Structures are given as structure tokens and as C-alpha cells.
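User: I am new to this structure and would like a close look at a single part of it. Please keep the sentences short and connect the points as you go.

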Amino acid sequence: DLPLEDCLRKHAIGLHAMGVQTSKVPLPDHSIKWYRTPLDPKVNKALHATSDVQGALQTLGFLGNLGLSAGLALHFNAVGLVWLTVCFTVLYGMQVRRGREVSGDCPGQWLIGWL
């Protein structure tokens, strides 16, 4: 249970010993006094409650956006509007990439990889 400054100094010394270049600026000798708002544990628990309904709505919205952008890209490709095809294909790719970043270790990650 070392103070934060001591932990940072110890870590910096360890990094320097490993050959990692560290900053030449010394660590400050004082620490920041953070203000902690008193919060009742029941209120804290209510604020951090999760909802399967909200998760399902978010998932359906995400999949709906994927379907819409892919469908519009295919539609504009069939019509011959190449610039709109490119726009919606890029939008689809950005959504898939964001889905992979957000999904993390969730059980449905295979679905994002498949899309």
C-alpha cells in the first residue's frame, strides 16, 4: 500500500532498468486531493443497474443499421449509382468494425465476425 507517487517512481525505475526511455521530468512531491461525493450504496446500485431490454434494443438497432446500410449499398449498386454504393459500403464497414470493438468477449461475438 504505497502512496501513488512512490508506486510511480518504483515503476519508472523498473522501466528505466529495462532500457525503456522515461521522462526527464521528476514526479511531483504532492498528490491531488480528489473530492468524493457521498453517495448512498442503494442509489449507486440503482444508477448502475443493467437492463436486458435496453441491451436487446441496442442490439436490434445495431443489426438494423447494418442491414439498412448493406441493403442500400446493394440497391445503389444495382441502380448504377457508384458513389452512393461506395458511401454505404464504407458506412457498413465502419459499423462492423465498431461492433467488433464494442463486443469484446460477449457471447454473440461470432455474429459480428460473420457479418
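In which helix does Gln95 lie? Please start there and work outwards.

Analyst: Gln95 lies in helix 4. A word on the source before going further: this is a predicted model.

First, the setting. The protein chain has 5 helices and 0 strands. Along the sequence, its pattern reads α-α-α-α-α. Helix 4 spans residues 82–103, and helix 3 spans residues 52–79. These two helices are the part to look at.

Now Gln95 itself. Its relative accessible area is 16%. The cut-off for buried is under 20%, so Gln95 counts as buried. Of the 115 residues of the protein chain, 11% count as buried. What does Gln95 touch, once neighbours within four places in sequence are left aside? The contacts are Phe62, Asn65, Leu66 and Ser69.

Take Ser69 next. Ser69 sits in helix 3. With a relative accessibility of 3%, Ser69 is also buried. Leave out residues up to four places away in sequence, and Ser69 touches Phe88, Leu91, Tyr92 and Gln95. The link between Gln95 and Ser69 thus appears again from this end.

Follow Phe88 from that list. Phe88 lies in helix 4. A search of the whole structure finds 1 aromatic pair. The partners are Phe76 and Phe88. Their ring centres are 5.6 Å apart, and their planes meet at 25°. Planes under 30 degrees apart count as stacked, so this pair is stacked. Phe76 belongs to helix 3 and Phe88 to helix 4, so the pair ties together parts that are 12 residues apart in sequence. Phe76 is buried, at 16% relative accessible area.

Leu91 is another contact of Ser69. Leu91 lies in helix 4. At 33% relative accessible area, Leu91 is partly exposed. Leu91 also belongs to a nonpolar patch on the surface. The patch is formed by Val82, Val86, Val90, Leu91 and Met94. Together these residues have about 440 Å² of accessible area. So Leu91 touches buried Ser69 and has a place in a surface patch.

For a contrast, turn to Trp83. Trp83 is in helix 4. Its relative accessible area is 58%. Exposed means over 50%, so Trp83 is exposed. Trp83 and Ala73 are 10 residues apart along the chain. Their C-alpha atoms are separated by 9.8 Å.

Last, step back to the protein chain. It exposes about 10,000 Å², and carbon and sulfur atoms supply 65% of that area. Consider contacts between residues at least 6 apart in sequence. Of these, 31% join residues at least 24 apart.

To recap the part you asked about: Gln95 is buried and touches Ser69. Ser69 in turn touches Phe88, and Phe88 stacks with Phe76.

Key: Residues numbered from 1 in each chain as written. Predicted model: local features only at pLDDT ≥ 70, side-chain atom pairs only at ≥ 80, totals over all residues. Heavy atoms only, no water. Phe/Tyr/Trp six-rings, centres within 6.5 Å; stacked < 30°, edge-to-face > 60°. Helix = DSSP H or I, 4+ residues; strand = E, 2+ residues; numbered from the N terminus. Buried < 20%, exposed > 50% of the residue type's maximum accessible area, 1.4 Å probe, protein only. Contact = heavy atoms within 4.5 Å. Patch = residues over 30% accessible without salt bridge, like charges linked within 9 Å, V, L, I, M, F, W, Y side chains within 5 Å. Areas by Shrake-Rupley, 256 points an atom, 1.4 Å probe, with all protein chains shown as cover. Salt bridge = Lys/Arg side-chain N within 4 Å of Asp/Glu carboxyl O.
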